[in-house]
Amino acid sequence: MLEDFWYRREEIPSDAAFRNHLNNPLPSESGGCLHEWALAEAVISTMLAVAKEKGAKAVSEAMIKLGRLQNIDTEIFNHALRELAKGTLLEKTEIKLEMEESRFKCRACGHEWKLAPSEVGSDESEAIHFIPDLAHAFIRCPRCRSPDFEITGGRGVWVEYIRIST
Ligand SMILES: [Zn+2]
């Protein structure tokens, strides 16, 4: 067997800056896609680093997990991944995207719940997009109305696995 699944949840910093586009207009002026490009660049460079570390000759498949609270436009993100993968080891890689649902746990009463994106208004969701910690300003425990809760799912971006041949 030359192919090997490599599993590790490699977290991508959500404040990743897209280095090559620093001189471009601010996200508000460019349709808000800077976020997706920054994350895509961080994902690609992480996968390339892992592939190199493992001595990969090819990467046939990869799985990226996206937290729902990151509010990522998967179409832009996917496009950015394809563009950034060109001319690299990842050019022919089948890159799969999977959403991780937002999950919360109340610290006051222990209640756990999920949040559908539609339950947050668009301004609020935009704010959470840039600063997930703002979730606390908009969300309350549906059982006891406490604003004191943990975000237990739906944050961040991960490389879940890459499948390499050596
Ligand atoms: Zn509660």
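The questions and answers below deal with the fold, the cores and one helix of a predicted model.

Residues are numbered from 1 along each chain as its sequence is written. In this predicted model, local features need pLDDT of at least 70 and side-chain atom pairs count only at pLDDT 80 or more, while totals for chains, interfaces and linings use all residues.

Q: Which pattern of helices and strands does the protein follow along the sequence?
A: Helices (H or I, at least four residues) and strands (E, at least two) are DSSP runs, numbered from the N terminus. The protein has four helices and seven strands. Read in order, the pattern is β-α-β-α-β-β-β-α-α-β-β.

Q: Which helix gives the most residues to the largest nonpolar core?
A: A nonpolar core is a set of buried Ala, Val, Leu, Ile, Met, Phe, Trp, Tyr and Cys residues joined through C-beta atoms within 7 Å. A residue is buried if 20 or more other C-beta atoms lie within 10 Å of its own, exposed if 12 or fewer, and partly exposed in between, with C-beta atoms placed from the backbone. The largest core has 26 residues, and L39, A40, V43, I44, M47, V59 and L81 touch the most other members. With nine residues, the greatest contributor is helix 1.

Q: With which residues is L81 in contact, leaving aside its neighbours within four places in sequence?
A: Two residues are in contact if their C-beta atoms, placed from the backbone, lie within 7 Å. Under that condition, L81 has as its partners A40, V43, I44 and I95.

Q: Why do the buried residues of helix 2 line one face?
A: The buried residues of helix 2 are F77, A80, L81, L84 and A85. On the other side of this helix, E75 and E83 are exposed. The arc is that of the directions from the helix axis to the C-beta atoms. The buried residues line one face because, seen down the axis of helix 2, they fall within an arc of 125°.

Q: Is the crossover from strand 2 through helix 2 to strand 3 right-handed or left-handed?
A: Strand 2 and strand 3 (residues 94-100) run parallel and are joined by seven bridges; two strands pair if DSSP finds at least two bridges between them. I64 stands opposite L97 in strand 3. A crossover is right-handed if, with the strands pointing away from the viewer, the path from the first strand over the helix to the second runs clockwise. This β-α-β crossover is right-handed.

Q: In strand 7, which residue is the bridge partner of E61?
A: Strand 2 and strand 7 run antiparallel, with eight bridges between them. In strand 7, the partner of E61 is R163.
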